[in-house]
Amino acid sequence: MSLWIFAALAAASFQTVRFMIQKTLASATLSAAGATFARFLYSAPLVAVLLAVYIVSTGQTLPSLSAQFWIYGAMGGAAQILATVCAVMLFKHRNFAVGTTFTKTEVILTVVVGFILLGDTVSFAGILCILSGLIGVLMLSDVPGGVGSVWQRLWSPTAGLGVASGALFSISAVSYRGASLELVASDPLLRAGVTLSAVTAMQMVAMAVWLRLRDAGEIGRVCAAWRTAGFVGLFSMAGSFFWFTAFTLQNAAYVKAVGQIEVIFSLIASILFFKEKVSRRELAGISLLGGSILALVLLA
């Protein structure tokens with residue numbers, strides 16, 4: 001098995017657990033912003049320490065960090081913060097499996113973002129996959145009571161949060177890959193570690209300033225919930241490291257395609273841990289969306 005495939009599978013596993021903990025925190029203790037801040041507060045210092053230990057133990061030196069590296073990192077970090085907030089807010093409206101599936105629209109949206117920013121073209125078969133994925137999103141975005149027109153379903157709050165989360169996650173993935181490729185180093189683990197450390201540090205500071213200005217009391221609540229929030233940071237660090245490692249080795253679209261296994265993990269978690277019911281319609285939507293994403297990447 002290629003290293004990037006293993007890294008993507010591991011990242012999806014850790015991310016599922018992290019979202020489970022964040023869902024619990026957001027539902028019982030913290031706001032969506034607070035649950036998001038927890039992942040950076042408890043992971044950034046640990047990432048920095050582990051990176052320093054790795055550099056010293058391997059006898060390597062810290063690669064130079066160009067202005068382009070910081071631009072890519074800041075762009076990816078900001079997009080990931082907003083994407084995570086959207087995802088946590090989404091979990092308050094829909095069950096865990098459906099919420100996670102909504103965020104998986106990032107694979108389809110990566111193609112769109114790539115076309116807009118880089119001019120990447122999509123084949124006719126790819127367009128059909130995107131349209132089938134849209135149908136899957138509509139099946140998942142049922143308005144309360146199961147009524148409403150197609151446009152009401154498309155523009156419902158849950159659909160909006162899910163698509164926004166997916167779009168922002170796609171931007172962050174491409175940005176992180178761009179940042180890691182700016183580093184002049186042959187060791188993919190070093191490039192992943194340096195990028196992750198720089199990004200999480202920026203995210204921790206940015207969110208701390210935001211919460212201090214908007215809701216200072218939330219910072220105290222995050223610190224008070226350290227027994228649970230600490231695990232958010234731990235699993236976030238592990239998941240992010242494997243994502244970043246995969247991004248340094250392979251195209252972000254392919255990495256995220258393998259990461260779709262997270263949908264299966266989240267479905268299991270939704271049923272076994274949160275005791276949530278998944279309707280046949282939602283299962284069909286998850287299957288259709290997942291299938292369209294897989295087909296899209298295979299044809300790309």
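This report describes selected helices, nonpolar groupings, salt bridges and long-range contacts of one protein structure, which is a predicted model.

## Helix α10 and its cap

Helix α10 runs over residues 188–214 and holds 27 residues. From the first C-alpha to the last, α10 reaches 38 Å, which is close to the 39 Å expected at 1.5 Å a residue. At the N-terminal end of α10, D187 acts as a cap. A side-chain oxygen of D187 lies 3.0 Å from the backbone nitrogen of L189.

Within helix α10 lies T195. This residue, T195, has a relative accessible area of 0% and is therefore buried. T195 and T248 stand 53 residues apart in sequence, and their C-alpha atoms are 10.0 Å apart in space.

## The largest nonpolar core

The largest nonpolar core of the model contains 19 residues. Those with the most contacts inside this core are Y176, F242, W243, F244, A246, F247 and V255. Several helices contribute: α1 (3–28), α9 (157–181), α10, α12 and α13 (252–258) each supply at least two residues of this core. The largest share, 6 residues, comes from α12.

## Helix α12 and the surface patch

Helix α12 covers residues 226–249. Is S236, a residue of this helix, buried or exposed? With a relative accessible area of 3%, S236 falls under the 20% limit, so S236 is buried. S236 and F40 are 196 residues apart along the chain, yet their C-alpha atoms are separated by 8.0 Å.

Helix α12 also takes part in a nonpolar patch on the surface, as does α3 (44–58); each of these two helices supplies at least two residues of the patch. The patch is formed by L46, L50, F231 and L234, which together have about 340 Å² of accessible area. One of these residues, L50, is found in helix α3. L50 counts as partly exposed because its relative accessibility is 44%.

## Salt bridges around helix α11

How many salt bridges does a search of the whole structure find? The search finds 2. Side chains of opposite charge can pair when their charged atoms come close. In one salt bridge, R221 pairs with D215, and the closest N and O atoms are 3.2 Å apart. In the other, the side chains of E218 and R221 meet at 2.7 Å, N to O. D215, E218 and R221 are thus linked in a network of salt bridges.

The positions of E218 and R221 can be related to the helix that holds them. Both belong to helix α11 (residues 216–224), and because they are 3 residues apart, they are separated by about one helical turn. An α-helix has 3.6 residues a turn, so residues three or four places apart point the same way.

The members of the network can also be described by their accessibility. E218 counts as buried because its relative accessibility is 2%. R221 has a relative accessibility of 36% and so counts as partly exposed. D215 is likewise partly exposed, with a relative accessible area of 31%.

## Helix α15 and its long-range contacts

Helix α15 spans residues 280–299 and includes S287. S287 has a relative accessibility of 52%, so S287 counts as exposed. S287 and V263 are 24 residues apart along the chain, and their C-alpha atoms are separated by 9.4 Å.

A284 also has its place in helix α15. A284 counts as partly exposed because its relative accessibility is 33%. Which distance separates the C-alpha atoms of A284 and G136? The separation is 7.6 Å, although the two residues are 148 residues apart along the chain.

How values were computed: Residues are numbered from 1 along each chain as its sequence is written. This is a predicted model: local features need pLDDT of at least 70, side-chain atom pairs count only at pLDDT 80 or more; totals for chains, interfaces and linings use all residues. Side-chain values use heavy atoms; hydrogens and water are left out. Helices (H or I, at least four residues) and strands (E, at least two) are DSSP runs, numbered from the N terminus. The expected span of a helix is 1.5 Å times one less than its number of residues. A polar contact is a pair of N or O atoms within 3.5 Å; within protein, one must be able to donate a hydrogen and the other to accept it, and residues adjacent in sequence count only if both atoms are side-chain atoms. Patches are made of residues with over 30% relative accessible area and no salt bridge: like charges are joined within 9 Å, nonpolar side chains (Val, Leu, Ile, Met, Phe, Trp, Tyr) within 5 Å. Accessible areas come from the Shrake-Rupley method with a 1.4 Å probe; for residues, only the protein chains shown count as cover. A salt bridge is a side-chain nitrogen of Lys or Arg within 4 Å of a carboxyl oxygen of Asp or Glu. Buried means under 20% relative accessible area, exposed over 50%, partly exposed in between (1.4 Å probe, protein chains only). A nonpolar core is a set of buried Ala, Val, Leu, Ile, Met, Phe, Trp, Tyr and Cys residues joined through side-chain atoms within 4.5 Å.
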